Amino acid sequence: MAQQGAWRSVTEPTVTSRREEHLHEAFAKEYGTVGTHMARTPGRVNLIGDHTDYNGLPVMPMAIQRDLMLLCRARTDSTVRAANVDRQFAPRSFEIQQEIAPYDPGDWGNYLKAGGQALAQQYASLCGFDAMVSSDIPIASGLSSSTALMMASALMILDLNDVAISGPQLMEMMARAEHYVGTRGGGMDQAICLGAQPQSASRIDFNPMQLTPIPVPSSWRFVIASSLVQAEKSGAAREVYNSRTRECREALGLVTAACRVPDGTSYKDLMSNASACELLGVAERTLEATLVRRFRHVVTEASRVDDAEQAMRADDVNAFGRLMSESHASLRDDFEVSCEELDNLTEIATGSGASGARLSGAGFGGCMVALCTADDVDGVVDALTAEFYSGREFGEQLEDVLFIAEPSKGACVMEV
Ligand code: GLA
C-alpha cells in the first residue's frame, strides 16, 4: 500500500459531537448505509498579508475551529455523489475524469469537481465516493469555506485510492485546481487548510511553497466579525478579484522594465534587490495613479508580514495590532477592496480596546479580524454587538457572525 499522507489521522476522536451524529444520520438516510471515512478541513482567518499570495509574496493566516466534515463511503466506479445537511445545497453527482464540465458559476459542486479534475489529470482510474457534507464555517465570509470543501474532497479521493503525495506538492496542485471555479487565487487557503498547526499561525512563502508555524501568544485573542456583506469568491467578487490580479501583473511588468531587469522578474526578486522605498520611487515615476496604488499595497503589505512575524514572536501585541490597522488602510485606500461595513467594524474594534483590526481575505465584504488581549476581548465583543449587530439582521445566532478564533490544526482524514 502506498504511504498515507501526513493528514491521515491515526487517533480516533473520542467525543462525538451532535453535529457529527447528525451527519451520520443524514448519510444513512441519503444512501441507506453507513459512512466509513471522514475528512475534516478547517476554515481560516488571514491575520496579515492579503492580495500578496498570487504575487508570490508572503501571508500569515491561521486555521480556525470552524470546520467542514465530509463523511464518505468509497464507490467502485468513478462517480462522486455528494449531498449536504444544509439543504440549500442540492445533491450533486459527477464522474471523476480529466475534463469535468463545470456547473453554473457559484454552484457548490464546482469545488468538488475542481479537486477531482486536478487529481484525475495526475492519476489514472480513481474511484469516487458517496458523501454527506456538514460545515459550520460561515459561507461567503472570507473564511475559506469553499476551499475547505475542495480540500476535503481531494483528500478523500487521495485516501480512498491510496495515493501518496507530499504536502507541499498537494498544496501547489490544489492552489491551481481552484482556478477551475474562475478565480485566479494564490495558494494561501489551500496551504493553511492542509498545513496549519494547533495554537499557531503560519507564515507562508511561495515559489517554493513553505509553511513556518509561529506560536500565537497565549494572551492574544483574534475576534472575527462578519460585515454581513456576502463575498462570494466564485460570484460577484470574482471579476473584481481577477482585475486586481491583472493590475498587479501589469504594474510588475512596467516596474521591471523601468528597472531594466529581465522580463519575468518576480515581486520577490525585485524586493530582495531593492528597498520598498526605492521600488515605490520607480513606481511613482512609471505607473499611472491606480497602478501606483496597487503596487504600493503589494510591496508594503509584504513588508508588514515580515514585521508582523517578528511582532508575534516577540509577543508584541501593540506592534502586531498597528501593522494590522496599517494593512487595513492599505487594502481600503490603495487596493480598494474594503466596504463601509468592514471600515465600520474596524473602527468599532479599535475604538473599544483592540490593538488593531483589518479586513481578512479577499475583501469586498466578508469578515474583519481584530487583535486584542484576553483582558480587552469582552469589551471589544460587547462594543461590536451593541454598535454593529444590534438593529441588523444576522441570521439565527450571533456566534455565527461574531466569535473568537482559536488557532487550530489543519485537515485530516480518518476511518470512522
Ligand atoms: C482569496 C484567495 C487567496 C488570497 C486572498 C486575498 O481568499 O483565495 O488566494 O488571494 O483572497 O489575500
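This report describes selected features of a predicted model: its ligand site, several of its strands and some backbone details.

## The ligand site

The ligand is surrounded by 13 residues, and the closest are D50, H51, D53, D189 and Y241. By class, this shell holds 4 nonpolar, 4 polar and 5 charged residues.

Three side chains can be described through their distances to oxygen atoms of the ligand. For D53, an N or O atom of the side chain is 2.6 Å from a ligand oxygen. For D189, the corresponding distance from a side-chain N or O atom to a ligand oxygen is 2.7 Å. For Y241, a side-chain N or O atom is 2.6 Å from an oxygen atom of the ligand. The ligand taken alone exposes 300 Å², and the protein buries 97% of that area.

## Y54 and its contacts

Y54 is placed in the loop between β1 (37-48) and β2 (60-74). Is Y54 buried or exposed? Its relative accessibility is 18%, so Y54 counts as buried, the cut-off for buried being under 20%.

The side chain of Y54 is joined to that of H51 by a polar contact of 2.7 Å. H51 is also among the residues closest to the ligand. Leaving aside residues up to four places away in sequence, Y54 touches R184, G185, G186, Y241, R244, T245, C248 and F335. One of these, Y241, is again among the closest residues to the ligand. Another, T245, is 191 residues from Y54 along the chain, yet the C-alpha atoms of Y54 and T245 are separated by 7.2 Å.

## Strand β3 and its partners

Strand β3 covers residues 79-84, and 5 of its 6 residues are buried, which leaves the strand mostly covered. Which strands pair with β3, and in what sense? With strand β4 (residues 92-95), β3 pairs in the antiparallel sense over 4 bridges. With strand β5 (residues 129-135), β3 pairs in the parallel sense over 5 bridges.

Individual residues show both pairings. V80 has F94 in β4 as its bridge partner. N84 stands opposite V133 in β5. In a regular strand, side chains alternate between the two faces of the sheet.

## D130 in strand β5

D130 is found in strand β5, the strand that pairs with β3 in the parallel sense. D130 counts as buried because its relative accessibility is 10%, and buried means under 20%.

The side chain of D130 makes a polar contact of 3.0 Å with the side chain of R75. When residues up to four places away in sequence are not counted, D130 touches F27, Y31, L71, C72, R73, R75 and R81. R75 therefore appears both in this contact list and as the polar partner of D130, which itself is buried at 10% relative accessibility.

## The hairpin of β9 and β10

Strand β9 spans residues 356-360, and 5 of the 5 are buried, so the strand is largely enclosed by the rest of the structure. Strand β10 (residues 367-373) runs antiparallel to β9 and is joined to it by 5 bridges. In one of the pairs, S360 has C367 in β10 as its bridge partner.

How many residues lie between the strands of this hairpin? There are 6, and in the hairpin G361 takes a positive phi near 95°.

## Backbone details in loops

Which peptide bond is cis? The bond from N207 to P208 is cis, with omega near 0°. P208 is placed in the loop between β6 (200-205) and β7 (210-215).

R260 and D315 are residues other than glycine with a positive phi, near 55° for R260 and near 55° for D315. R260 is in the loop between α6 (237-258) and α7 (267-273). D315 lies in the loop between α9 (289-313) and α10 (317-333). With a relative accessibility of 75%, R260 counts as exposed, since exposed means over 50%. D315 has a relative accessible area of 45% and is therefore partly exposed.

Key:
Residues are numbered from 1 along each chain as its sequence is written. This is a predicted model: local features need pLDDT of at least 70, side-chain atom pairs count only at pLDDT 80 or more; totals for chains, interfaces and linings use all residues. Side-chain values use heavy atoms; hydrogens and water are left out. Helices (H or I, at least four residues) and strands (E, at least two) are DSSP runs, numbered from the N terminus. Buried means under 20% relative accessible area, exposed over 50%, partly exposed in between (1.4 Å probe, protein chains only). Two strands pair if DSSP finds at least two bridges between them. A residue is near a molecule or strand if one of its heavy atoms lies within 4 Å of it. A polar contact is a pair of N or O atoms within 3.5 Å; within protein, one must be able to donate a hydrogen and the other to accept it, and residues adjacent in sequence count only if both atoms are side-chain atoms. Accessible areas come from the Shrake-Rupley method with a 1.4 Å probe; for residues, only the protein chains shown count as cover. Ala, Val, Leu, Ile, Met, Phe, Trp, Tyr, Cys and Pro count as nonpolar, Asp, Glu, Lys and Arg as charged, and the others, Gly among them, as polar. Contact means heavy atoms within 4.5 Å.
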